[in-house]
Amino acid sequence: QVQLVESGGGLVQAGGSLRLSCAASGRTFSYYAMGWFRQAPGKERDFVARISSNGASTSYADSVKGRFTISRDNAKNTAYLQMNSLKPEDTAVYYCAVDPNYYELGSARYWGQGTQVTVSS
């Protein structure tokens with residue numbers, strides 16, 4: 001069992017930055033790949049970024065590439081999403097998820113409760 005808690009969301013103006021954190025407890029965090037997803041009102045949940053268990057591999061949705069950076073600190077059991085140059089269309093609830101399989105994070109076994117990010121124009 002893994003528990004995930006996101007934090008760092010909030011209200012920011014367009015062009016601003018936020019850093020989200022995902023703190024994990026339970027089973028060894030370093031065993032899992034980790035991903036960030038987001039869901040805007042009335043829309044499906046979308047992939048944002050993912051990182052492999054050792055941090056060596058990352059990938060991003062085209063919509064955030066060059067603006068967002070995913071990272072992790074396995075010693076702290078925490079992953080991060082640095083979000084720069086935020087746009088109103090980035091407004092959503094952001095969720096972190098972990099799974100042993102880097103390519104199966106969309107159907108990950110463990111999810112956090114989400115943190116709201118609102119970008120004003």
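**Figure 1. Surroundings of W111 in the predicted model.** At 24% relative accessibility, W111 is classed as partly exposed in this predicted structure. The residue belongs to strand β10, which spans residues 110–111. Over the face of the W111 ring lies R45, at 3.8 Å from the ring centre. W111 also pairs with F37: the two ring centres are 5.0 Å apart and the planes meet at 55°, so the arrangement is tilted. This pair joins distant parts of the chain, since F37 lies in strand β4 and W111 in strand β10, 74 residues apart.

**Figure 2. The F37–F47 ring pair and the other aromatic groupings.** The structure holds 5 aromatic pairs. In one of them, F37 and F47 have ring centres 5.9 Å apart and planes at 70°; the angle is over 60°, so the pair is edge-to-face. F37 is located in strand β4 (residues 33–39) and F47 in strand β5 (residues 45–51), so this pair ties together parts that are 10 residues apart in sequence. The two rings differ in burial: F37 is buried, with a relative accessible area of 6%, whereas F47 is partly exposed, at 31%. Elsewhere, Y31, Y32 and Y110 form one aromatic cluster.

**Figure 3. R50 and its contacts.** R50 lies in strand β5 and is buried, with a relative accessible area of 19%, which is under the 20% limit. The charged end of R50 sits over the ring of Y102, 4.5 Å from the ring centre. The R50 side chain also reaches the backbone oxygen of Y102, at 3.4 Å. A further polar contact, of 2.7 Å, connects the side chain of R50 with the side chain of S59. When residues up to four places away in sequence are not counted, R50 touches M34, G35, S57, T58, S59, I70, Y102, Y103 and L105. Of these partners, L105 is 55 residues from R50 in sequence, yet the C-alpha atoms of the two residues are 8.0 Å apart in space.

**Figure 4. S52 in the loop after strand β5.** S52 lies in the loop between β5 and β6, the latter covering residues 58–60. The residue is buried, with a relative accessible area of 10%. Its side chain makes a polar contact with the side chain of N54, at 3.1 Å. Leaving aside neighbours within four places in sequence, S52 is in contact with A33, S57, R72 and Y102. Two of these residues, S57 and Y102, are also touched by R50.

**Figure 5. The disulfide between C22 and C96.** The count for the structure comes to 1 disulfide, which joins C22 to C96 with an S to S distance of 2.1 Å. The torsion about the S-S bond is about 65°, so the disulfide is right-handed. The bond links distant parts of the chain: C22 is in strand β3 (residues 18–26) and C96 in strand β9 (residues 92–99), 74 residues apart. C22 is buried, with a relative accessible area of 0%, and C96 is likewise buried, at 0%.

**Figure 6. Nonpolar cores and the surroundings of M34.** The largest nonpolar core has 30 residues, and those with the most contacts inside it are M34, W36, L81, M83 and Y94. The elements that give two or more residues to this core are β1 (2–7), β3, β4, β5, β7 (68–73), β8 (78–83), β9 and β11 (115–120). With residues up to four places away in sequence not counted, M34 touches C22, A49, R50, I51, I70, R72, A79, C96, A97, V98 and L105. Both cysteines of the disulfide are thus included among the residues that M34 touches, as is R50. Apart from the largest core lies another, of 6 residues, among them A33, F37, A97 and L105. F37 of this second core is the residue whose ring pairs with that of W111.

Methods. Residues are numbered from 1 along each chain as its sequence is written. This is a predicted model: local features need pLDDT of at least 70, side-chain atom pairs count only at pLDDT 80 or more; totals for chains, interfaces and linings use all residues. Side-chain values use heavy atoms; hydrogens and water are left out. Rings of Phe, Tyr and Trp (its six-membered ring) pair if their centres lie within 6.5 Å; planes under 30 degrees apart count as stacked, over 60 as edge-to-face and the rest as tilted. Helices (H or I, at least four residues) and strands (E, at least two) are DSSP runs, numbered from the N terminus. Buried means under 20% relative accessible area, exposed over 50%, partly exposed in between (1.4 Å probe, protein chains only). A charge sits over a ring if NZ of Lys or CZ of Arg is within 6 Å of the ring centre and within 35 degrees of the ring normal. Contact means heavy atoms within 4.5 Å. A polar contact is a pair of N or O atoms within 3.5 Å; within protein, one must be able to donate a hydrogen and the other to accept it, and residues adjacent in sequence count only if both atoms are side-chain atoms. A disulfide is a pair of cysteine sulfur atoms within 2.5 Å. A nonpolar core is a set of buried Ala, Val, Leu, Ile, Met, Phe, Trp, Tyr and Cys residues joined through side-chain atoms within 4.5 Å.
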